[in-house]
Amino acid sequence: MKFFIDTANLDQIKEAQDLGILDGVTTNPSLMAKEGITGEANVTAHYKAICDIVDDNVSAEVIATTYDEIIAEGKALAALNPKIVVKVPMIKDGIKAIKYFTDNGIKTNCTLIFSAGQALLAAKAGATYVSPFLGRLDDISTDGLALIEDIRLIFDNYGYPTQILAASIRGPLHIVACAKLGADVITAPLSAITALLKHPLTDSGLATFLADHAKASGK
Ligand code: G3P
């Protein structure tokens with residue numbers, strides 16, 4: 001399973017990259033705004049800075065919502081760096097644009113997926129990734145993980161190469177559940193990724209090992 005970090009914060013991206021387990025980054029307009037990145041030149045420079053940190057897979061989301069504008073914006077984003085994956089919303093013109101990008105060798109991430117039918121359409125259009133938002137479904141008392149399971153079944157039934165990028169992850173248990181269900185990728189905040197490190201028995205066990213070693217060494 002690939003690990004992406006869901007942030008536009010360069011320090012957090014560097015920290016995850018330094019951990020040696022990072023496969024990519026997802027951003028969205030809200031995450032860019034959170035970092036205070038506004039204006040085309042700043043946004044472009046920020047995407048380039050992210051691409052300089054990571055090895056591959058930097059999702060950059062279009063703001064446009066009409067076909068011609070999505071194509072123009074997506075092409076400009078893709079031209080920034082070969083690591084860029086053009087993130088396109090799950091709307092009618094978005095699906096048409098994903099088909100165009102696929103036919104023209106541009107990688108895509110279809111975002112704001114909340115149903116298996118939406119994921120199926122994006123896969124038909126040839127999306128590289130679909131991003132089901134499991135946390136936001138959980139937030140409205142709908143089973144987000146059940147959506148991951150349904151999409152996995154459908155993609156496997158037909159051998160769609162589109163990868164399931166589980167998004168809107170809230171914590172480490174979401175990550176483990178996605179791994180059990182066969183999601184191809186998770187994208188999560190740094191806190192959810194580093195929470196995977198933690199277990200109280202690891203901490204107490206290590207403390208005991210170090211204390212025993214010190215005692216035996218006469219320290
Ligand atoms: O990047 C898309 C998705 O991961 C957003 O997550 O936490 O805003 O629901 P969240």
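1. A good place to start is the ligand site. The ligand is surrounded by Asp-6, Asn-28, Lys-87, Phe-133, Arg-136, Ala-167, Ser-168 and Arg-170. Please keep in mind throughout that this is a predicted model.

2. Sorted by class, that shell is made up of four charged, two polar and two nonpolar residues. Asp-6, Lys-87, Arg-136 and Arg-170 are the charged ones, while Asn-28 and Ser-168 are the polar pair. Phe-133 and Ala-167 supply the nonpolar part.

3. Three side chains deserve a look for their polar contacts with the ligand. Arg-136 places a polar side-chain atom 2.7 Å from a ligand oxygen. For Ser-168, an N or O atom of the side chain is 2.7 Å from an oxygen atom of the ligand. Arg-170 has a side-chain N or O atom at 2.7 Å from a ligand oxygen as well. As for cover, the ligand on its own has 310 Å² of accessible area, and the protein covers 82% of it.

4. Now to the helices, which you may like to view in pairs. Two packed helices are described by the distance between their axes and the angle between them. Helix H4 spans residues 67-80 and helix H5 spans residues 92-103; their axes come within 9 Å and cross at roughly 45°. That angle makes H4 oblique to H5, because it falls neither under 35 degrees nor within 65 to 115. The crossing in which H4 passes H5 is right-handed.

5. The second pair is helix H8 (residues 144-158) with helix H9 (residues 172-181), whose axes are 10 Å apart and which pack at an angle of about 20°. Angles under 35 degrees count as roughly parallel, so H8 and H9 are roughly parallel to each other. Their crossing, too, is right-handed.

Conventions:
Residues numbered from 1 in each chain as written. Predicted model: local features only at pLDDT ≥ 70, side-chain atom pairs only at ≥ 80, totals over all residues. Heavy atoms only, no water. Near = heavy atom within 4 Å. Polar contact = N/O pair within 3.5 Å; in protein donor to acceptor, adjacent residues only side chain to side chain. Areas by Shrake-Rupley, 256 points an atom, 1.4 Å probe, with all protein chains shown as cover. Axes fitted to C-alpha atoms, helices over the stretch in contact; angles between N-to-C directions. Helix = DSSP H or I, 4+ residues; strand = E, 2+ residues; numbered from the N terminus. Parallel < 35°, antiparallel > 145°, perpendicular 65-115°, else oblique. Left-handed = near helix turned anticlockwise from the far one by under 90°.
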